[in-house]
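Q: I am new to this structure and would love a close, friendly tour of one part of it. Could you begin with the rings and carry on from there?

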Amino acid sequence: APSVEAQFQANSLRVATEAHDAFAQGVSNGSITLNPKLPYNLQAGNFVDQQVRAANRVLAGQLGLDSSSIRINQRLYAPDGSYTVPDIYFPKSGNIIDYSYQLKTINTPQIQSFIKASPNGTITIVSPAQIRPIYTIR
């Protein structure tokens, strides 16, 4: 069976891809009303984030995982007392999965805060497949 982390990567990708299409469809059929003051991608990203977070909470429950194995959308503290909130953090490996429409690099402030809080883990970015493939920053 795939590792727990691989299962969450795959689940995140599948749900993000489906939710991206569902958002566009909802906008086109009128079931989702856009806020004209906010960028489209921000609104799509928020919708996708909510869907992926909910689906990953369900998966964590199905796999019987508790906060010693996975933390979804919870504060992660750095040694200096600052904190960041990764979409998924795996305490045992220190690895992070982040869902994003934006292209992120090692220099992105949020990624820097992930590194400060989890210096030994990898950081994997998951976007809807229509936007870009999954990639790992380090």
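**From paired rings to the sheet**

A: Let's start with a count: there are 4 aromatic pairs here, taking rings of Phe, Tyr and Trp (its six-membered ring) as paired if their centres lie within 6.5 Å, and calling planes under 30 degrees apart stacked, over 60 edge-to-face and the rest tilted. What you see is a predicted model, in which local features need pLDDT of at least 70 and side-chain atom pairs count only at pLDDT 80 or more, while totals for chains, interfaces and linings use all residues. Residues are numbered from 1 along each chain as its sequence is written, and side-chain values use heavy atoms, with hydrogens and water left out.

One of these pairs joins Phe23 and Tyr40, whose ring centres are 5.4 Å apart with 70° between the planes, an edge-to-face arrangement. Phe23 belongs to helix α1 (residues 4-29) and Tyr40 to helix α2 (residues 40-62), so this contact ties together parts that are 17 residues apart in sequence. Helices (H or I, at least four residues) and strands (E, at least two) are DSSP runs, numbered from the N terminus.

How covered are the two partners? Phe23 is buried, at 3% relative accessibility, whereas Tyr40 is partly exposed, at 35%. Here buried means under 20% relative accessible area, exposed over 50% and partly exposed in between (1.4 Å probe, protein chains only).

Phe23 also pairs with Phe47: the two ring centres are 5.4 Å apart and the planes meet at 50°, so this pair is tilted. Phe47 sits in helix α2 while Phe23 sits in helix α1, so the pair ties together parts that are 24 residues apart in sequence. Put the contacts together and ring pairs link Phe23, Tyr40 and Phe47 into a cluster.

Staying in helix α2, have a look at Asn41. Asn41 is partly exposed, with 42% relative accessibility. Follow the chain from Asn41 to Tyr101 and you cover 60 residues in sequence, yet their C-alpha atoms are 7.4 Å apart in space.

Now let's move to the strands. An open sheet is formed by 5 strands in the order β1-β4-β5-β6-β7, with mixed pairing. At its edges stand β1 (71-72) and β7 (135-136), each with a single partner strand, so one side of each is left without a neighbour in the sheet. Two strands pair if DSSP finds at least two bridges between them.

We can walk across the sheet from β1. This strand pairs with β4 in the antiparallel sense, over 2 bridges, and Arg71 has Tyr89 in β4 as its bridge partner.

Next in the order comes the step from β4 (residues 88-90) to β5, another antiparallel pairing, this time over 3 bridges. Across this pairing, Phe90 stands opposite Asn95 in β5. β4 and β5 form a hairpin with 4 residues between them, and Gly94 in the turn has a positive phi of about 80°.

How much of β5 is buried? Strand β5 (residues 95-99) is mostly covered, with 5 of its 5 residues buried. Both of its faces are covered: Asn95, Ile97 and Tyr99 on one side, and Ile96 and Asp98 on the other, are all buried.

On we go from β5 to strand β6 (residues 123-126): these two run parallel and are joined by 4 bridges. Among the matched residues, Ile96 has Ile123 in β6 as its bridge partner, and Asp98 is matched with Ile125 in β6. Both faces of β6 are covered as well, with Ile123 and Ile125 buried on one side and Thr124 and Val126 buried on the other.

One last stop is a loop. Ser82 is found between β2 (76-77) and β3 (83-84). Is Ser82 buried, partly exposed or exposed? At 27% relative accessibility, Ser82 is partly exposed. Its C-alpha atom is separated by 8.5 Å from that of Ser113, which is 31 residues away along the chain.

To retrace the tour: Phe23, Tyr40 and Phe47 make up a ring cluster, and the sheet order is β1-β4-β5-β6-β7, with β5 covered on both faces.
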